[in-house]
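Subject: Structure handover

Hi,

Here is the structure I promised to pass on. Have a look at it first, and then read my notes below.

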Amino acid sequence: SDNITFQNTMPFPIGVGINMGILKRDSKYRAIVVKEYNSISAETAMKMKSLRPSATTYSWSEADNLVKFAEENNKRVYGHALIWGNSLPDWVKNFKGGYPEWKEMFKAHITEVVKHFKGKVVAWDVINEAFADNGDLKNTIWRQKLGPNYIDMAFIFAHRADPSAILFINDYGMEYGNNKRRGLVKYVEGMIQRGIPIGGIATQFHSRVNLEDAKFSRALNEIAATGLKVHISEMEISLNPGSIKSLLLSSLLERQQAAKYEYIVRSYNALPKKQQFGITLWNVTDNDSWVLNYYNRPDWPLPFDGNYQKKPAYQGILNGV
Ligand code: XIL
C-alpha cells in the first residue's frame with residue numbers, strides 16, 4: 001500500500017543526497033524525496049566550492065533552500081562536507097600565506113559554516129576522504145599546509161561552533177580492502193584517546209553488485225567496534241563497475257542488486273541500536289545518479305528507475321529490516 005515507504009518502515013533514519021537544481025525543477029523527484037526519506041544530505045550545496053565564491057564571501061542561498069525544504073517537510077539535515085581535498089574553489093588552491101594564514105582561513109570556514117547552520121544541521125562530515133588506500137593520511141592540500149594535526153583541529157573548531165552537532169569522519173572504500181579501513185579506525189581510536197569530539201564514522205558505500213556480502217558486514221562491524229555512531233552516508237550499488245558501454249539491464253542484475261541492498265541493510269540493522277545514525281542513498285533515481293556522468297557509463301545503481309518507479313532494489317531494502 002501507499003503507507004509502505006522507506007521512512008515508515010526503516011527502524012533508523014533513511015536519507016538521500018539531493019541535487020538542488022533537480023529538486024527545484026522536477027516535481028516527481030521532489031515527491032519521492034518527500035514521501036520516502038526522512039533525512040537529506042546536499043549532493044554539492046554545502047561543499048566549499050558552492051559556499052565560498054571568494055575568500056571573503058559566503059553564498060548561502062542554495063544550502064539555505066535545502067534547509068528550508070527540510071524544515072517544511074520534516075527532514076533531518078546531514079551536513080556534507082566541511083573539509084575535503086576536492087571540490088575546492090580556485091582561491092583556496094591559490095591561497096598564499098604560511099601556517100598562520102592557512103590556519104585562520106581553515107578555522108574561519110569551519111566556524112562560519114557550522115554557526116550558520118547551527119540548530120538546523122544535526123551532524124557534519126567534518127573531514128571527507130582523508131585516507132589513502134594503504135591506511136595513511138592522504139597528502140591533501142590541508143595536510144600539506146596544516147600538518148597531520150588538521151583533522152583534530154577541524155573537529156575542535158566544529159565542536160566549538162556547535163557543541164550539539166554530531167561530528168563524523170567520512171570516507172569511501174571502507175568495504176574493499178582492509179588497509180584503508182583499518183588505518184581510519186586506528187586513527188579514530190587515537191582521536192577518542194586524545195579527547196577529540198568525534199561522534200561517528202561515515203562509510204560512503206559507493207559500491208557494486210559483485211562485491212561479496214561479507215565485505216560489507218566486516219566493514220560495518222569493524223567501524224562499529226569503535227563504539228561511535230555509524231552512518232552509511234552515500235550508498236549506491238552499481239551494476240556496471242566494469243564500465244561496459246553496451247551493457248543492458250537484466251532482471252538477473254536487478255535481483256542481484258536487490259539481494260545486495262538487503263544484505264547491507266540487514267547487517268546495518270544488526271548493529272547496536274544507539275550506534276545507528278542511519279542510511280543515506282546517494283541520489284534519487286537511476287537517471288540522476290552521479291555515477292552515470294562521473295564514470296561515463298550506463299548504470300542503474302539506485303532503488304528507483306529513471307521513470308521514478310520502484311525497482312526490486314526498493315523491496316530489497318525493505319526486506320533488510
Ligand atoms: C559527488 C557528486 O555526487 C557529484 O555531483 C560531484 O560532481 C562530485 O561529487 N564522495 C563524496 C561526495 O563525498 O561528495 C561525492 O559527490 C561522491 C563521492
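Below is what I found, going from the ligand to the annotations, the helix packing and the backbone.

Before you load it into anything: this is a predicted model.

Ligand shell

I'd start with the ligand. Which residues surround the ligand? The shell is made up of Glu43, Thr44, Asn128, Tyr172, Gln204, His206, Glu234 and Trp290. Sorted by class, four of these residues are polar, two are charged and two are nonpolar.

Annotations

UniProt has two domain entries worth knowing about, and both come from an unreviewed entry. The "domain: GH10" annotation runs over residues 7–320. Within the model that span is 43% helix and 17% strand, and its end C-alpha atoms lie 14 Å apart. The record also carries "domain: Rhodanese", covering residues 92–111. Here the span comes out as 75% helix and 0% strand, with 17 Å between the end C-alpha atoms.

Helix packing

Three helix pairs are on my list, and α12 takes part in two of them, so I'll begin there.

Helix α12 (residues 251–269) packs against helix α14 (residues 312–319) at about 25°, and the axes are 7 Å apart. That angle is why α12 counts as roughly parallel to α14. The crossing of the two is right-handed. On the α12 side, the contact uses Glu254, Arg255, Gln257, Ala258, Ala259, Tyr261, Glu262 and Val265. Facing them from α14 are Pro312, Ala313, Gln315, Gly316, Ile317 and Asn319. By class, this α12–α14 contact has seven nonpolar, four polar and three charged residues.

The other partner of α12 is helix α11 (residues 213–224), where the axes come within 9 Å and cross at roughly 25°. α11 and α12 are therefore roughly parallel to each other, and α11 passes α12 in a right-handed crossing. Asp213, Phe216, Ser217 and Leu220 of α11 make this contact with Tyr263, Ile264, Ser267 and Tyr268 of α12. The class split for α11 with α12 is five nonpolar, two polar and one charged.

The remaining pair is helix α7 (residues 99–116) with helix α9 (residues 150–161). Their axes come within 8 Å and cross at roughly 35°. Is that crossing left-handed or right-handed? For α7 and α9 it is right-handed. From α7, the residues in contact are Lys107, Ile110, Thr111, Val114 and Lys115, while α9 brings Ala154, Phe157, Ala158 and Ala161. Six residues of the α7–α9 contact are nonpolar, one is polar and two are charged.

Backbone details

Two spots deserve a look if you go through the torsions. His80 and Ala81 are joined by a cis peptide bond, with omega at about 0°. Ala81 sits in the loop between β3 (76–79) and β4 (83–84). The other spot is Glu129, a residue other than glycine that has a positive phi, near 55°. Where is Glu129 found? Glu129 lies in the loop between β5 (121–128) and α8 (141–146). For orientation, Asn128 is one of the residues around the ligand, and β5 covers residues 121–128.

That's the lot from my side. Shout if anything in these notes is unclear.

Cheers

Conventions: Residues are numbered from 1 along each chain as its sequence is written. This is a predicted model: local features need pLDDT of at least 70, side-chain atom pairs count only at pLDDT 80 or more; totals for chains, interfaces and linings use all residues. A residue is near a molecule or strand if its C-beta atom, placed from the backbone, lies within 6 Å of it. Ala, Val, Leu, Ile, Met, Phe, Trp, Tyr, Cys and Pro count as nonpolar, Asp, Glu, Lys and Arg as charged, and the others, Gly among them, as polar. Axes are lines fitted to C-alpha atoms, for helices over the stretch in contact, and angles run from 0 to 180 degrees between N-to-C directions. Helices (H or I, at least four residues) and strands (E, at least two) are DSSP runs, numbered from the N terminus. Angles under 35 degrees count as roughly parallel, over 145 as roughly antiparallel, 65 to 115 as roughly perpendicular and the rest as oblique. A crossing is left-handed if the near helix is turned anticlockwise from the far one by less than a right angle, and right-handed if clockwise. Two residues are in contact if their C-beta atoms, placed from the backbone, lie within 7 Å. UniProt positions are given in the numbering used here, feature names are shortened, and annotations may be inferred rather than shown by experiment.
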